[in-house]
Amino acid sequence: HFYHKENNFYGGNGIVGAQVPVGAGLAFAQKYKGQKNITVASYGDGAANQGQIYEALNMAGLWKLPMIFLCENNRYGMGTSVERASFNTKFYTRGENIPGIYSHGANVFLVRELFKWAKNYCLENGPLFM
């Protein structure tokens, strides 16, 4: 549970998925201040079914917040396979009207280029699922 304000790292939360609405608040502040930054709210597949993620998603979509909802799918959340816990296991598609992109995280060069593109997308269009 890392937290380092000076480096804009606002982890430090022990509640599953609770960092996502914090991320939406940070994205709101960035947009309000006119900053050309985005927020990346990272969570695992075990948190993907938490209600607070969808509450944050709703606000991010309404206000077109510069935010990436980043789901790291390890295939197991707290020892339970995603197939047993989630009806839709394609987590990047859960944004309804917010677009989603799938990427294999093991290709560091692909991920770097994807995040460059995603930052520009979010600054112009609002949130994105990955």
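**Pockets and fold of the predicted model**

The residues that line the largest pocket comprise 15 nonpolar, 18 polar and three charged ones (Ala, Val, Leu, Ile, Met, Phe, Trp, Tyr, Cys and Pro count as nonpolar, Asp, Glu, Lys and Arg as charged, and the others, Gly among them, as polar). The structure is a predicted model, in which local features need pLDDT of at least 70 and side-chain atom pairs count only at pLDDT 80 or more, whereas totals for chains, interfaces and linings use all residues. Residues are numbered from 1 along each chain as its sequence is written, and side-chain values use heavy atoms, with hydrogens and water left out.

The largest pocket (an open set of points on a 1 Å grid over the protein atoms alone where a 1.4 Å probe fits, with protein on both sides within 12 Å along at least five of seven lines) holds about 980 Å³ of space, a volume being the space filled by probe spheres set on the points, which are joined across faces, edges and corners. Its lining counts 36 residues, and Tyr-10, Gly-11, Gln-19, Val-40 and Ser-42 lie nearest the centre (lining residues have an atom within 4 Å of a point). Helix H1 (19–32), strand S1 and strand S3 (76–77) each contribute at least two of these residues.

The second largest pocket has a volume of about 530 Å³ and is lined by 21 residues, with Cys-71, Glu-72, Asn-73, Tyr-102 and Ser-103 nearest its centre. Eleven nonpolar, six polar and four charged residues make up this lining, to which S2, helix H3 (82–85) and H4 each supply at least two residues.

The protein chain contains four helices and five strands (DSSP runs of H or I, at least four residues, and of E, at least two, numbered from the N terminus), in the sequence pattern α-β-α-β-β-β-α-α-β. The radius of gyration over C-alpha atoms is 14 Å, close to the 14 Å that the globule rule (2.2 Å times the number of residues to the power 0.38) gives for 130 residues, so the chain is as compact as a globular protein of that length.

An open sheet of three strands has the order S1-S2-S5, with parallel pairing (at least two DSSP bridges between two strands). Strands S1 (39–44) and S5 (128–129) stand at the edges, each with a single partner strand, so one side of each lacks a neighbour in the sheet. Six bridges join S1 to S2 (residues 67–72), and Val-40 has Ile-68 as its bridge partner in S2.
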